[in-house]
Amino acid sequence: MIEVEDFSFSYAGNPKPALTAIDLLIPPGQVCAIVGANGAGKSTLCFALSGFIPHFYRGTLSGSVRVNGSSLSDIPLSDCAGEVGLVFQNPFNQITGARFTVLEEVAFGLENLGVGRDEILARSQEALAATGLAELADRSPFALSGGQQQRLAIASMLAMRPRVLVLDEPTSQLDPAGTEALFERLDILSSSSDTTIVIAEQKLELVAAFAHRVVVLSGGRVLADGKPREVLTSPALEAHGLRATRYTQVARRLRSAGLARSTLPLPMTLPQAVEFLR
Amino acid sequence: MTGTLYLPRDSFVHRLNPLTKISLALACVVAGSTLPTLPMVLGVFVLVLSTMAASARLFVHFLRACFRVIWPFAVSLTIVQGLFSEGTTVLLDLGPFNLKAEGLLSAATLTGRLLVGLGAATLLTLTTRPDLLMHSLVERGLPAQTAYIVVTALQIIPEFRARAQSIIDAQRSRGLETEGSMLSRLRSLFPLVAPLVLGSLMDLEERAIALEARAFTRRGHRTSLLEIPDSTIERIARWGFLLLTGAMVVVRVI
């Protein structure tokens with residue numbers, strides 16, 4: 001559960017606000033995608049939702065961010081970790097270097113949380129299996145490829161089982177199969193354990209298929225917020241540096257050329273497109 | 001690839017609790033520096049350290065590692081002590097200087113003492129996983145942050161070297177001269193070092209975030225996936241080594 005109320009933030013030394021008047025209520029079990037062009041404020045929002053703003057990045061802020069009922073600026077950063085998990089973009093820097101094997105790297109967070117040994121092992125192995133890394137468990141984390149390191153960063157967070165999981169462009173180095181597998185995993189996570197998931201992501205076709213809700217950021221403001229099919233097929237999307245999925249683009253052209261008579265809303269995924277054209 | 005010297009083997013020495021090995025190493029270092037005669041000092045090296053290295057199936061590695069470090073000391077000690085120390089038994093008359101037997105003996109004894117200390121440290125690092133070593137110290141009260149610095153340094157230094165190489169490659173592909181005269185090498189230093197340092201500082205920020213996200217600074221009880229073997233016999237042995245160490249120090253002082 002995330003409650004953001006009238007939240008504004010500007011980084012120290014930069015008068016231009018990075019986020020302005022954000023209002024968001026994300027209930028448990030919801031997968032909320034944040035989309036927007038580069039520099040729209042996605043990463044800043046992810047940091048604000050995970051406590052790194054205001055604890056790690058200083059600046060001027062107003063409004064409040066509450067996660068699972070507690071205000072993040074009131075609890076120390078070291079206690080935020082149990083509540084909110086954050087996966088960020090650069091996979092290499094998410095390898096802590098504190099441990100020598102992939103399995104131990106995943107276990108590191110659980111050790112810090114004081115989880116019992118048997119449970120550490122079970123949860124770490126489960127997280128590695130879920131991210132397709134089980135066979136690399138004994139490797140050095142530094143011997144992995146970029147995509148494998150990214151999956152390791154995700155596995156390390158999954159193992160900690162936070163009730164709120166924030167992912168900032170976690171698929172930048174993943175291949176298409178790995179990206180889809182991650183979204184499927186997030187889908188299962190949200191429905192089976194009521195985990196609140198916020199994911200900043202550029203791959204709109206996957207957002208369209210898996211997100212329950214899409215928030216469009218531009219210039220640090222929320223421009224649109226709603227169901228994927230409403231937001232991602234809106235003609236206003238392109239004005240903010242985002243391109244609708246290819247299915248939406250084709251359907252829109254067909255409709256404007258008078259070639260599609262369907263009264264259905266514009267499609268954004270393959271199954272929707274098939275139905276639209278039938 | 002990591003920066004550790006640890007060589008995994010299936011041996012009894014490898015399976016010992018790291019603390020046992022530390023206290024044994026400590027006892028050897030103290031023995032090496034307090035025992036009065038050369039045969040006694042060499043006895044520690046041969047009977048204790050080399051025997052353990054052999055049973056760890058690392059005998060050749062062990063001797064090679066010791067030799068590589070000890071020979072410059074041996075050579076310089078032989079020259080300095082052999083020629084300049086007090087003594088009456090002249091072995092070789094070299095005009096203003098004489099090579100004396102007493103000097104050679106004292107050079108050999110000093111080298112032997114160094115060799116024992118070096119051998120103890122080498123045996124410990126060759127047979128002990130650094131993370132287990134650090135973890136066993138954390139269990140005894142070493143701050144987790146200190147242990148982290150040691151373990152990370154071992155892993156990140158090779159990464160750092162790889163990054164430096166890729167910066168060199170990138171700058172050369174843009175036409176930077178990194179070879180040739182001293183002046184052109186010096187001139188190329190800044191465009192190589194600046195991105196390395198700045199990039200590492202930026203990494204530092206993200207690495208700190210990654211650690212915080214993994215609850216690294218959380219207070220309270222920590223657990224561990226790693227299990228460190230320990231037994232009553234080892235615990236008794238550890239106390240034995242420590243008592244022995246203390247006794248040697250006391251005897252030496254008296």
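Two residues count as touching here when their C-beta atoms, placed from the backbone, lie within 7 Å. All the views below come from a predicted model.

**View 1. Where chain B meets chain A.** On this contact, chain B puts in 28 residues and chain A puts in 34 residues. Looking at the chain B side, the elements that supply two or more residues are helix H7 (144–173) and helix H8 (182–213). H8(B) gives the largest share, with 8 residues. Sorted by class, the chain B side comes out as 10 nonpolar, 8 polar and 10 charged residues.

**View 2. Helix H7 of chain B, end to end.** Here's a quick sanity check on the length: H7(B) has 30 residues, so at 1.5 Å a residue it should span 44 Å, and its end C-alpha atoms sit 42 Å apart, which agrees. There is still a kink to look at, since H7(B) bends by about 35 degrees at Ala153(B). Just past H7(B), Gly175(B) shows up with a positive phi of about 100 degrees.

**View 3. Helices H4 and H6 of chain A, packed together.** A helix pair like this is described by two numbers, the angle between the axes and the distance between them. For H4 (residues 102–113) and H6 (residues 146–160) of chain A, the angle is about 35 degrees and the axes are 9 Å apart. The crossing of H4(A) past H6(A) is right-handed. From H4(A) come Val102(A), Glu105(A), Val106(A), Gly109(A), Leu110(A) and Leu113(A), and they meet Leu152(A), Ala155(A), Ser156(A), Ala159(A) and Met160(A) of H6(A). In class terms, that contact has 8 nonpolar, 2 polar and 1 charged residues. As for the spacing along each helix, an α-helix has 3.6 residues a turn, so residues three or four places apart point the same way.

**View 4. The two domains of chain B.** The domain assignment splits chain B into domain 1 (12–128 + 228–253) and domain 2 (137–213). Between the C-alpha centres of domain 1 and domain 2 of chain B there are 36 Å.

**View 5. Two backbone oddities in chain A.** Most peptide bonds are trans, and most residues other than glycine have a negative phi. The bond from Ile53(A) to Pro54(A) is cis instead, with omega near 10 degrees. Pro54(A) belongs to helix H2 (residues 52–55) of chain A. Then there's Glu169(A), a non-glycine residue with a positive phi, near 45 degrees. You'll find Glu169(A) in the loop between strand S7 (164–168) and helix H7 (176–193) of chain A.

Note on methods: Residues are numbered from 1 along each chain as its sequence is written. Chains are lettered from A and ligands numbered from 1 in the order in which they are written. This is a predicted model: local features need pLDDT of at least 70, side-chain atom pairs count only at pLDDT 80 or more; totals for chains, interfaces and linings use all residues. Helices (H or I, at least four residues) and strands (E, at least two) are DSSP runs, numbered from the N terminus. Ala, Val, Leu, Ile, Met, Phe, Trp, Tyr, Cys and Pro count as nonpolar, Asp, Glu, Lys and Arg as charged, and the others, Gly among them, as polar. The expected span of a helix is 1.5 Å times one less than its number of residues. The bend at a residue is the angle between axes fitted to the seven residues ending there and the seven starting there. Axes are lines fitted to C-alpha atoms, for helices over the stretch in contact, and angles run from 0 to 180 degrees between N-to-C directions. A crossing is left-handed if the near helix is turned anticlockwise from the far one by less than a right angle, and right-handed if clockwise. Domain bounds come from an automatic or database domain assignment.
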